[in-house]
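Here's a short set of exercises to work through with the viewer open. Try each task yourself before reading its solution.

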Amino acid sequence: MSGTKHIIHALRLLAPSTRIEPGCLGFRVWSEENEESTVRYVEEWATEDAMRRRVRSPRFTRLLEVLESAPAQPWVQFDFVRETRGLDYVSEVRTMDGMLEAPPRMDME
């Protein structure tokens, strides 16, 4: 299994637990034919509070572990109505909201 297919498979395994989280509106993962080395992953949340709970959850830690296993450095983006954020948002939520440890360090936005 190629690196891209492995990542897609791992992300799809996380889908059932993501879908049952309160406030989850949807979740998609795919790779486009002309960009086989690029994996697209999107989660949609009803509110920022629901998303903050998601970012603090052990399930999100598993998602970060999958991202760390990617053959190329992943690019992470959080889109809000008024702004776009990167992994700095994960660090902020997990640190400010009382997580005991910071997320794994990934240098990207």
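## Exercise 1: a glutamate on a strand

Glutamate 43 lies in strand β2. Keep in mind throughout that this is a predicted model.

**Task.** Find which residues glutamate 43 is in contact with, leaving aside its neighbours within four places in sequence.

**Solution.**
- Step 1: Select Glu43 and skip anything within four places in sequence; what's left in contact is Thr18, Gly26, Phe27, Arg54 and Leu63.
- Step 2: Now check a backbone distance. Leucine 25 sits 18 residues away along the chain, and its C-alpha atom is 7.7 Å from that of glutamate 43.

## Exercise 2: how far to trust it

**Task.** Work out where in the chain the confidence is lowest and where it is highest among the elements.

**Solution.**
- Step 1: Start with the whole chain: pLDDT averages 85, and 86% of the residues score at least 70.
- Step 2: Lay out the elements. There are 4 helices and 4 strands, in the order α-β-β-α-α-β-β-α from the N terminus.
- Step 3: Compare their means. Helix α4 (residues 87-96) comes out lowest at 89, while helix α2 (residues 48-56) is highest at 94.

## Exercise 3: buried or exposed?

**Task.** Decide whether leucine 87 and valine 90 are buried or exposed.

**Solution.**
- Step 1: Place them. Leucine 87 lies in helix α4, and valine 90 is in helix α4 too.
- Step 2: Apply the cut-off, which is under 20% relative accessible area for buried. Leucine 87 has 11%, so it is buried. Valine 90 has 1%, so it is buried as well.
- Step 3: Look across the chain from each. The C-alpha atoms of leucine 87 and glutamine 77 are 7.2 Å apart, with their positions 10 residues apart along the chain. For valine 90 and phenylalanine 78, 12 residues apart along the chain, the C-alpha separation is 9.3 Å.
- Step 4: For context, 37% of the 109 residues of the chain count as buried.

## Exercise 4: the core

**Task.** In the largest nonpolar core, find which residues touch the most other members.

**Solution.**
- Step 1: The core has 24 residues, and the ones touching the most other members are Leu11, Val55, Phe60, Phe78 and Val90.
- Step 2: Trace where the core comes from: α1, β1 (24-30), α2, α3 and α4 each give two or more residues. The largest share, 6 residues, is from α1.
- Step 3: Zoom in on phenylalanine 60. Beyond its neighbours within four places in sequence, it is in contact with Arg54, Val55, Phe78, Val90 and Arg94.
- Step 4: Turn to α2, whose buried residues are Ala50, Met51, Arg52, Arg54 and Val55. These pack against α1 (3-19), β2 (40-45), α3 (58-68), β3 (78-79) and α4.

## Exercise 5: the pocket

**Task.** Find how many residues line the largest pocket, and which of them lie nearest its centre.

**Solution.**
- Step 1: Get the volume: the largest pocket holds about 1100 Å³ of space.
- Step 2: Count the lining, which is 34 residues; Tyr41, Val42, Trp75, Val76 and Gln77 lie nearest the centre.
- Step 3: Group the lining by element. α1, β2, α2, α3 and β3 give two or more residues, and the largest share, 6 residues, belongs to β2.
- Step 4: Finish with the outside surface: the chain exposes about 7200 Å², and carbon and sulfur atoms supply 51% of that.

Definitions and conventions: Residues numbered from 1 in each chain as written. Predicted model: local features only at pLDDT ≥ 70, side-chain atom pairs only at ≥ 80, totals over all residues. Heavy atoms only, no water. pLDDT = per-residue confidence, 0-100. Buried < 20%, exposed > 50% of the residue type's maximum accessible area, 1.4 Å probe, protein only. Areas by Shrake-Rupley, 256 points an atom, 1.4 Å probe, with all protein chains shown as cover. Contact = heavy atoms within 4.5 Å. Core = buried A, V, L, I, M, F, W, Y, C linked by side-chain atoms within 4.5 Å. 1 Å grid on protein atoms, 1.4 Å probe; cavity = no way out; pocket = protein on both sides within 12 Å on 5 of 7 lines; lining within 4 Å. Points joined across faces, edges and corners; volume = space filled by probe spheres on them.
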